[in-house]
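Visitor: I would like to learn how to read a ligand site in a model like this one. Could you walk me through it?

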Amino acid sequence: MQMDHPVVMGILNVTPDSFSDGGKYTDVEAAVRHGIELHGAGADIVDVGGESTRPGAQRVDAGTEIARVVPVIERLARAGVPLSIDTTRAEVARAALEAGAVVINDVSGGLADRGMATVAAEAGCPWILMHWRGHSRRMTELAVYSDVVSEVRAELLERVGEALAAGVDPAQVILDPGLGFAKTAEHNWALSAHLDVLVGLGYPVLFGASRKTYLGRLLAGPDGTPRPVEEREAATLATSVLAVAAGAWGVRVHDVTATADALAVWRATGSPRLRTVSASEKE
Ligand code: PMM
């Protein structure tokens with residue numbers, strides 16, 4: 001699949017309980033309409049998910065996940081929309097690929113279901129390996145690092161090693177720092193500031209900050225109340241442009257129109273790249 005950098009991935013959660021768009025697209029018609037809208041607005045790929053990964057979320061079974069995503073994927077694929085399947089389950093990924101998805105987006109990087117590597121290797125499709133330490137229920141207690149950037153780098157490399165050993169083509173590997181997954185706001189900011197470390201691994205890097213809690217905290221009102229989810233778009237755009245300027249291959253976002261506009265500005269400015277300032281230069 002040929003996709004020009006930077007890639008815009010539009011988010012389509014077919015779940016009743018995702019933190020940002022939960023409940024909006026649970027009926028197939030509404031989900032298909034929104035997927036077509038995202039594609040029309042400039043999404044290179046639409047990411048369909050049937051299980052919420054927000055902190056503390058309860059898991060659904062594979063059958064429920066498949067029943068949520070497959071009818072939507074079938075219809076959108078028929079309409080010519082390139083699709084990824086956001087799942088940690090091999091069984092769901094397989095059903096989604098059969099229904100017409102062309103990319104696996106696995107927030108567990110293959111850790112949650114060791115069968116995922118076989119599905120990805122057999123399909124020969126791109127596989128997004130996100131940094132992850134455990135399911136949503138346990139995410140908060142797992143957010144412990146002495147050096148988040150080097151630990152995320154090392155843990156992602158382990159995931160890549162396992163994927164390649166299972167026969168996955170290195171050209172199909174895409175990495176993702178997993179903002180908000182077993183990470184505090186401080187961890188997310190450190191990973192954003194040092195995205196070049198992950199980019200330097202040589203694999204495309206996807207960056208997914210869209211509307212996440214740490215942006216709400218950054219923009220909290222004087223009484224400490226986090227900025228509501230629907231008012232985090234300007235901050236999301238800033239993270240997306242900075243990530244692309246730091247070398248990210250793509251961004252995963254809710255508001256595709258605004259993202260496409262912001263990236264048009266970045267392109268018109270000559271696609272500038274951030275220069276990493278080393279510690280010695282700072283002193
Ligand atoms: N974040 C969420 C879900 N899936 N996939 C990737 N690759 N990267 C992410 O950061 C990511 C993801 C959670 O956010 P959502 O509830 O808005 O989908």
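Visitor: Which residues come nearest to the ligand?

Guide: Happy to help! This is a predicted model. For a list of neighbours, a residue counts as near if one of its heavy atoms lies within 4 Å of the molecule. Here 16 residues surround the ligand, and Asp86, Asn105, Asp176, Lys212 and Arg252 come nearest.

Visitor: How many residues of the shell around the ligand are nonpolar, polar or charged?

Guide: The shell splits into seven nonpolar, five polar and four charged residues.

Visitor: Which atom of the ligand does a polar side-chain atom of Asp86 approach, and what about Asn105?

Guide: For polar contacts, look for N or O pairs within 3.5 Å. Asp86 places a polar side-chain atom 2.9 Å from a ligand nitrogen, and Asn105 has one 2.8 Å from a nitrogen atom of the ligand. With Asn13, the partner is a ligand oxygen, at 3.1 Å.

Visitor: How much of the ligand's accessible area does the protein cover?

Guide: On its own the ligand has 410 Å² of accessible area, and the protein covers 98% of that.

Visitor: Where does the ligand sit, and which elements give two or more residues to the shell?

Guide: The ligand occupies the largest pocket. Strand 1 (7–13) and strand 5 (127–130) each give two or more residues to its shell.

Visitor: And what is the chain as a whole built from?

Guide: It has eleven helices and eight strands. Its radius of gyration is 18 Å, close to the 19 Å that the globule rule gives for 283 residues, so the chain is as compact as a globular protein of that length. Along the principal axes, the C-alpha atoms fill a box of roughly 55 × 40 × 40 Å.

Note on methods. Residues numbered from 1 in each chain as written. Predicted model: local features only at pLDDT ≥ 70, side-chain atom pairs only at ≥ 80, totals over all residues. Heavy atoms only, no water. Polar contact = N/O pair within 3.5 Å; in protein donor to acceptor, adjacent residues only side chain to side chain. Areas by Shrake-Rupley, 256 points an atom, 1.4 Å probe, with all protein chains shown as cover. 1 Å grid on protein atoms, 1.4 Å probe; cavity = no way out; pocket = protein on both sides within 12 Å on 5 of 7 lines; lining within 4 Å. Sits in = over half its atoms within 2 Å of the grid points. Helix = DSSP H or I, 4+ residues; strand = E, 2+ residues; numbered from the N terminus. Nonpolar A, V, L, I, M, F, W, Y, C, P; charged D, E, K, R; others polar. Rg over C-alpha atoms; globule rule 2.2 N^0.38 Å.
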